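Subject: Structure for you to look at

Hi,

Here is the structure I promised to pass on. Please open it next to this email, as my notes follow it.

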Amino acid sequence: MLPVGQKQMLGMAVMAGLMTVGTFVYILAMPPAYLHRTRDGVAYFTPPVINPVNGKPLNVDRLAQYYKGNVAAGVYAVEKPAVVKNGGH
């Protein structure tokens with residue numbers, strides 16, 4: 001037989017584990033709306049679009065910011081590459 005303190009700790013550990021597993025199942029089964037899109041309404045993992053003028057890729061998230069009125073974001077969407085390579089940092 002386990003002492004009372006060990007029974008209580010075992011019960012709390014089992015309860016915490018069940019709550020953790022339950023939370024993961026809930027998030028995977030019914031994901032909240034904020035996990036589908038950015039605050040600008042662009043779906044996550046959206047591939048870049050091609051600029052018809054020069055054929056370079058445009059970052060869709062920055063393009064959405066530009067059309068919402070953030071002009072500086074649009075300039076960077078056109079001038080910077082869609083995928084930035086940090087060199088492993």
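The chain holds 3 helices and 2 strands. Read from the N terminus, their order is α-β-β-α-α. Please keep in mind that this is a predicted model.

Overall picture. The chain has 89 residues, and 11% of them count as buried. Its exposed area comes to about 7,600 Å². Carbon and sulfur atoms supply 67% of that area. I also looked at contacts between residues at least 6 apart in sequence. Of these, 13% join residues at least 24 apart.

Helix α1 and the surface patch. Helix α1 covers residues 4–29. Ile-27 is found in this helix. Ile-27 also belongs to a nonpolar patch on the surface, along with Tyr-26, Met-30, Tyr-34 and Leu-35. Together these residues have about 540 Å² of accessible area. Is Ile-27 itself buried or exposed? Neither label fits: its relative accessibility is 32%, so Ile-27 counts as partly exposed. The cut-offs are under 20% for buried and over 50% for exposed.

The loop after α1. Phe-45 sits in the loop between α1 and β1, and β1 spans 49–50. Its phi is near 65°. That is a positive value in a residue other than glycine. The side chain is worth finding on your screen. Phe-45 is exposed, with a relative accessible area of 86%.

Helix α2. This helix runs over residues 60–67, and its buried residues are Val-60, Ala-64 and Gln-65. Why do they lie on the same side of α2? They cover an arc of only 145° around the axis, and this puts them on the same side. Asn-59 caps the N-terminal end of α2. One of its side-chain oxygens lies 3.0 Å from the backbone nitrogen of Asp-61. At the other side of the helix in sequence, Gly-69 comes just after α2. Gly-69 takes a positive phi of about 120°.

When you go through the model, I would take the patch with Ile-27, then Phe-45 in its loop, then the Asn-59 cap on α2.

Best wishes

Conventions. Residues are numbered from 1 along each chain as its sequence is written. This is a predicted model: local features need pLDDT of at least 70, side-chain atom pairs count only at pLDDT 80 or more; totals for chains, interfaces and linings use all residues. Side-chain values use heavy atoms; hydrogens and water are left out. Patches are made of residues with over 30% relative accessible area and no salt bridge: like charges are joined within 9 Å, nonpolar side chains (Val, Leu, Ile, Met, Phe, Trp, Tyr) within 5 Å. Accessible areas come from the Shrake-Rupley method with a 1.4 Å probe; for residues, only the protein chains shown count as cover. A salt bridge is a side-chain nitrogen of Lys or Arg within 4 Å of a carboxyl oxygen of Asp or Glu. Helices (H or I, at least four residues) and strands (E, at least two) are DSSP runs, numbered from the N terminus. Buried means under 20% relative accessible area, exposed over 50%, partly exposed in between (1.4 Å probe, protein chains only). The arc is that of the directions from the helix axis to the C-beta atoms. A polar contact is a pair of N or O atoms within 3.5 Å; within protein, one must be able to donate a hydrogen and the other to accept it, and residues adjacent in sequence count only if both atoms are side-chain atoms. Contact means heavy atoms within 4.5 Å.
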